[in-house]
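Trainee: Could you take me through one part of this model slowly, chain B's sheets and what sits around them? I'd like to start with a sheet and work outwards.

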Amino acid sequence: MSDLRVNFAGIRAPNPFWLASAPPTNSGYQVNKAFEAGWGGAVWKTIGAPVLNISNRYGGLSVAGQRLVAINNVELISDRPLEVNLREIAEVKRLWPDRALIVSAMVEADPRAWRDIILMIEDTGADGIELNYGCPQGMSERGMGAAVGQIPESCEMNTAWVTSVARIPVIVKLTPNVTHITVPARAALRGGAQALSLINTINSIMSVDLDTLMITPSIGGRGTHGGYAGPAVKPIALNMLTELCQDEVVRASRVPISGMGGITTWRDAAEFLLLGASSLQVCTAAMHYGYRIVEDLIDGLSNWMDDHGFATLDDVIGRSLPQVSTFGDLDLSYRAVARIDPERCIRCNLCYAACNDTAHQCIDLYSPEGLRVQPGFDVRANGRAVADTRPTPQVREDDCVGCALCANVCPVDGCIEMVPVPSGRQSVTWNELTAAQPEVGSDWDAMQRYRAENRIDIH
Amino acid sequence: MDELQPAERFQESLPPLTAHEAALEANRCLYCYDAPCLQACPTHIDIPTFIRKIATGNLRGSARTILEANFLGGTCARVCPVQELCEGACVLGRDHTPIQIGRLQRYAVDYVQQRGIRMFQPGPPTGLKVAVVGSGPAGLSCSAELARLGYEVTLYERRELGGGLSTYGIIVLREPIEVALREVEALRDLGVQVVTGHELSERAHLEELLAAFDAVFLAVGLGAVPALGIPGEEYVTDGLAFIEASKLDLAHLEVGRRVLVIGAGNTAVDAATIARRMGAEVTVVYRRTEAEMTAYAHEYHFALHEGIQYRFLTQPVALLHRQGQVVGLECVRMELGEADASGRPRPQPLPGSNFVLPADQVIKAIGQEKPRLAQALGLALEGGYIAVDDAFETSIPRVFAGGDCIRARGVASTVMAVQDGKLAAQGIHARLAAARQETLL
């Protein structure tokens, strides 16, 4: 049985699954219940400046009948009185000494305001502080949240005010609503942050109601942008996590990163760990299904680690990072072609449509008699027997550029595989090629000559 | 079932899909390229397209996609043997469950029909007139297609209500009468004049129609259930008449306590189901075995599930009655012999094996007679059915025919009749356009 214990910048937890600062961590009742369900930690919903929340607060995205592929919110930080939150935080920590309890905070850009709240948080016995520089709505208009995260100087300065006071670890939570995530990350490190977390929510307009023509959620007939989260944002979060983990300054600082953004299952969790996250935060999935999902998160991750012989999280964290590269360092001579398994193929022929319409026209259709046929059918034919005369798609491998669109549209697992085939060319990257022959990168005639010499045929 | 009220026992056997069910099911469709379901449908409804439109919430568009290819989309959604057609060809059926195409089709068509949304307009007038005889599926389909092509269509129906087989011949468990009548109404909306209580029975009538119209389309279906040729025949209930009575006035349907149904086709299943749901003990009597039955496998299983008994290798030889009341059916045991013309083993009686099945009602459902009208009209025949060419024209110029009355080959079914009607309309259109071209020249 693998060991899921975490030591994150000195914050210890029995497992890496922490509830993110959000509605699921709004009260002592909730965090108690979550810890009973098995969550390894929780980041208490952001406390700080006085706010008033509104209704309604959430917009949901459904895709092909799947509810809540993403959620967006116009909810603000905690609207419960500061002292109530602080008292409950202290009570929960006393009850659950083994769990990570971190408090998210956000106050106006004033060193005294930060100092006051830090001291109050430390008095609760909490294990750490997370600085919310991410909320993209409501607070940013008041100079807090994303307004801090988006300005490196503000990010550094606010962080420095906190770290000069705090005796417990300080995590800076980054907003994804920036051009380069490494810029605010480096600023946070200059300000003395002991850890980073990402991503906060992404600016979004969820939808327009086609009956009422209102933006959703409609708040008394008006709407505003909200923070986007949930399964749909995972690829963005993974990319930003990877960018941080590859950044030389972040790497040199050796600060741990708490990953979040669309983690719904243990599979998502494993991906975040493999790309360098040392702890994981979950919100939307818990909002969708309740705290009980943590059981499978822990169980699934643990079983997967056992299957792969990973004893501890340290065996997993960052393990896939060495494979992350840049386009210039990819092997231009690598060649893969699509191959369709006729046994698995159910003849939906979506691959044919995709390849023919929007890729490289290298899938042909063959009749059961083995003849190449054109799409279409005999209008005189009817009855279930037509299924037996369905043409089968087959890749013309010589012409396949290996784009993999067909493999992605195929609805059958393992039916279309991208098979590496020898290209007959020496391995070379774009960076190597243009270092040796700079003209290839700047002159089309040179490029054509290079292709001809290397028998690279582009049809 | 016993605790259900009679009205509940005769509700459509499959409930309509809820919006949520329809959305989930529609989203399960792969949207295949040149989809096999589309090919398998005799009317070639663009099934992936109509399902996609359900998935996107475009129900009006979905219904239009269906009804453009098949004006009787509402009926076909209910009565088509989908297992043998679209759903049987669904690629997901290979290692999974096929899409419930029939129920999705019903969902989309019901949406527009229940709201009275008008789907089609009559075409720009051609100045040509066509008479359609028979308002069953072939007649309705042909009329609709012609009206959309701009023809002035008059539809003649010998009975009181339009709809033919859909109205009179399909049990309410499969299609309530309102669904069939809505399709007749949709035809009236297209400007088709529907004349009921008007029968075509002799050549002179046909000549009158030919004088008044530019073309005539015959969609007269088939005749009654043939005679059994046994003593006591006069006390046998006709299966089609029995179903018809159940559709028109279920409350006054005469059903015995112990009912025997002779024949093992789909109509026999229907008649047996009605009697069973009315509380009778029902046994189907068939002279061959399970393997030779003409009912679809799913229909047979449905019947077994209903609690209908089957007696195979049993041939009726006499109906027993006492004072005008049926008391039983004398039968003889059969065995299978050499293959006959249909390729099925010929059943032969076992001498001396006579026995009596007690019954107080005997219903026959042993197929339908070939169209008698064909001979009266002097039409050339093919195997007893009306002979037509590729454009559905009969041996009499400007007289076309389609539906069960021409079904010399293949299986008679609503959807085939709909397709005949559609193709015949196109055939009529092509012939009349060619004729007009010649006149102009």
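In which order do the strands of the open sheet that includes E16 of chain B come, and is the pairing parallel or antiparallel?

Mentor: The order is E3-E2-E1-E4-E16 in chain B, five strands in an open sheet with parallel pairing. Strands here are DSSP runs of E with at least two residues, helices are runs of H or I with at least four, and both are numbered from the N terminus. Two strands count as paired if DSSP finds at least two bridges between them. At the edges you have E3(B) (193-196) and E16(B) (399-401), and each has a single partner strand, so one side of each is left without a neighbour in the sheet. From one strand to the next the twist averages 20 degrees.

Some housekeeping before we go on. The model is predicted, so local features need pLDDT of at least 70 and side-chain atom pairs count only at pLDDT 80 or more, while totals for chains, interfaces and linings use all residues; side-chain values use heavy atoms, with hydrogens and water left out. Residues are numbered from 1 along each chain as its sequence is written, with chains lettered from A and ligands numbered from 1 in the order in which they are written.

Back to the sheet. E2(B) (152-157) pairs with E3(B) in the parallel sense over four bridges, and there Leu155(B) stands opposite Val194(B). Helix H9(B) (137-148) lies across E1(B) (129-133), E2(B) and E4(B) (215-218), at about 165 degrees to E2(B). Contact means heavy atoms within 4.5 Å; the axes are lines fitted to C-alpha atoms, for helices over the stretch in contact, with angles from 0 to 180 degrees between N-to-C directions.

Now look at the other sheet of chain B. The order there is E5-E13-E6-E7-E8, again five strands in an open sheet with parallel pairing. E5(B) (237-238) and E8(B) (309-311) are its edge strands, each pairing on one side only. E5(B) joins E13(B) (361-364) in the parallel sense over two bridges, with Thr237(B) opposite Ile363(B). Helix H14(B) (266-277) packs on this sheet and touches E6(B) (258-262), E7(B) (281-285), E8(B) and E13(B), its direction making about 165 degrees with that of E7(B).

Next, the domains. The assignment, which is automatic or taken from a database, splits chain B into domain 1 (6-114), domain 2 (129-223 + 370-440) and domain 3 (233-364). The C-alpha centres of domains 1 and 2 of chain B lie 26 Å apart, and their contact takes 25 residues from domain 1 and 24 from domain 2. About 2,000 Å² is buried between these two domains, 63% of it from carbon and sulfur atoms; that is the accessible area (1.4 Å probe) that two parts lose on being put together, summed over both. On the domain 1 side, Phe71(B), Leu72(B) and Val79(B) lose the most area, together 31% of what that side buries.

This interface has one salt bridge, the term meaning a side-chain nitrogen of Lys or Arg within 4 Å of a carboxyl oxygen of Asp or Glu. Asp110(B) and Arg182(B) meet in a salt bridge at 3.6 Å, N to O. Nine residue pairs make polar contacts between the two domains, both residues at pLDDT 80 or more. The elements giving two or more residues to the domain 1 side are H5(B) (59-69), H6(B) (73-79) and H8(B) (101-114), and H6(B) gives the most, with six residues. A polar contact is a pair of N or O atoms within 3.5 Å; within protein, one must be able to donate a hydrogen and the other to accept it, and residues adjacent in sequence count only if both atoms are side-chain atoms.

Last, step out to chain A. There 23 residues of chain B are in contact with 24 of chain A. The two chains bury about 2,000 Å², 59% of it on carbon and sulfur atoms. Tyr33(B), Gln39(B) and Arg94(B) lose the most area in chain B, together 33% of what that side buries. The rule finds one salt bridge across this interface, and Glu84(B) forms a salt bridge with Arg384(A), the closest N and O atoms being 4.0 Å apart. Alongside that there are 11 residue pairs in polar contact, both at pLDDT 80 or more. H3(B) (36-40) and H7(B) (86-89) are the elements that give two or more residues to the chain B side, and H3(B) gives the most, with four.
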